[in-house]
Amino acid sequence: MKFYLEENLEKLARWLRFLGYPAYTIKGEINLSKIKPDGVFITTSRRWYERLKKLGINAFLVPRHDFELQLCSVVKHFKLRHELSLNLCAYCSSPLVSVSREEVREKIPKRVYEEGEDFTLCPGCGAVFWKGSHYERMKRKLEEILKKC
Ligand SMILES: [Zn+2]
């Protein structure tokens, strides 16, 4: 399952990537040429939602401002997994590759080199990820949010 989102839904897109689903934000004004038929288009605009539905394009409407409600409704509607998968880049959705801490030594702060675990590298944009204290925080945050669904 793949998602395309309005530019203002970047936070939601990032969390969909954390769950392991490719999510791409569409930069700038939405127009039909930017909407690809191989995924679901997530929008906050009822006008666009109705328009796309009429054209037979898979679209999903989320509330405009409440990020937690947005994530909940998408997870529930599409029966997405309730766990962090962290196998996709948080920025560009490319599948991450496992690397040793030595391989990314020059790209990360010294403290992370010493304390981080499970290093991964994005072949798409070069970003480096690792498990640290933020990982537990993200897990708790996700549980909190999904409890509200
Ligand atoms: Zn990337």
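Colleague: Why is S93 called buried?

Modeller: This is a predicted model, and the count comes from its atoms. S93 has 21 other C-beta atoms within 10 Å. Buried means 20 or more. The count of 21 meets that cut-off, so S93 is buried.

Colleague: Where is S93 found?

Modeller: S93 sits in the loop between α3 and β5. Its phi is positive, near 75°, and S93 is a residue other than glycine.

Colleague: What makes a positive phi worth a remark there?

Modeller: Most residues other than glycine have a negative phi. K79 is another case: its phi is positive, about 50°, and K79 is not a glycine. K79 is also found in the loop between α3 and β5.

Colleague: K79: is it buried or exposed, and how do you know?

Modeller: K79 has 8 other C-beta atoms within 10 Å. Exposed means 12 or fewer. The count of 8 falls in that range, so K79 is exposed.

Colleague: Why is I35 called partly exposed?

Modeller: Its count is 18 other C-beta atoms within 10 Å. Buried starts at 20, and exposed ends at 12. The value 18 lies in between, so I35 is partly exposed. I35 is placed in the loop between β2 and β3.

Colleague: Which residues is I35 in contact with, leaving aside its neighbours within four places in sequence?

Modeller: They are Y4, F41 and I57. Take I57: it is 22 residues from I35 in sequence. In space, the C-alpha atoms of I35 and I57 are 8.8 Å apart.

Colleague: How do you know that I35 and I57 are in contact, with their C-alpha atoms 8.8 Å apart?

Modeller: The contact test uses C-beta atoms, which must lie within 7 Å. The 8.8 Å runs from C-alpha to C-alpha. I57 is listed among the contacts of I35, so their C-beta atoms pass that test.

Colleague: Now the helices. Why is α1 called oblique to α3?

Modeller: Helix α1 covers residues 10-18, and helix α3 covers residues 67-77. They pack at about 45°, with their axes 10 Å apart. Under 35 degrees would count as roughly parallel, and roughly perpendicular runs from 65 to 115. The angle of about 45° fits neither range, so α1 is oblique to α3. The crossing of α1 past α3 is right-handed.

Colleague: Which residues meet where α1 packs on α3?

Modeller: From α1 come K11, L12, W15 and L16. From α3 come F67, Q70, L71 and V74. By class, six of the contact residues are nonpolar, one is polar and one is charged.

Colleague: Which residue makes the charged one?

Modeller: Lysine counts as charged, so the charged residue is K11. Gln is outside the nonpolar and charged lists, so Q70 is the polar one.

Colleague: Which residues of α1 are buried?

Modeller: They are L12, A13, W15, L16, R17 and F18. These buried residues pack against β1, β2, α3 and α5. After α1 comes G20, with a positive phi near 105°.

Colleague: What is the order of the strands in the open sheet?

Modeller: The four strands run β2-β1-β3-β4, with parallel pairing.

Colleague: What makes β2 and β4 edge strands?

Modeller: Each of them pairs on one side only. The twist averages 25° from one strand to the next.

Colleague: How do you know that β1 and β2 pair?

Modeller: Four bridges join these parallel strands. Pairing needs at least two bridges, so β1 and β2 qualify. In one of them, L5 has T25 in β2 as its bridge partner.

Colleague: Which strands does α1 touch as it packs on the sheet?

Modeller: Helix α1 touches β1 and β2, and its direction makes about 165° with that of β2. Over 145 counts as roughly antiparallel, so α1 is roughly antiparallel to β2. Helix α2 touches β3 and β4, at about 155° to β4. That angle is also over 145, so α2 is roughly antiparallel to β4.

Colleague: How many bridges join β6 and β7?

Modeller: There are three bridges, and the two strands run antiparallel. At least two are needed, so β6 and β7 pair. One bridge partner of T120 is F129, in β7. Their hairpin has six residues between the strands, and G126 takes a positive phi near 85° there.

Colleague: How many helices and strands does the chain have?

Modeller: The chain has five helices and seven strands. Of its 149 residues, 20% count as buried.

Methods: Residues numbered from 1 in each chain as written. Predicted model: local features only at pLDDT ≥ 70, side-chain atom pairs only at ≥ 80, totals over all residues. Axes fitted to C-alpha atoms, helices over the stretch in contact; angles between N-to-C directions. Left-handed = near helix turned anticlockwise from the far one by under 90°. Contact = placed C-beta atoms within 7 Å.
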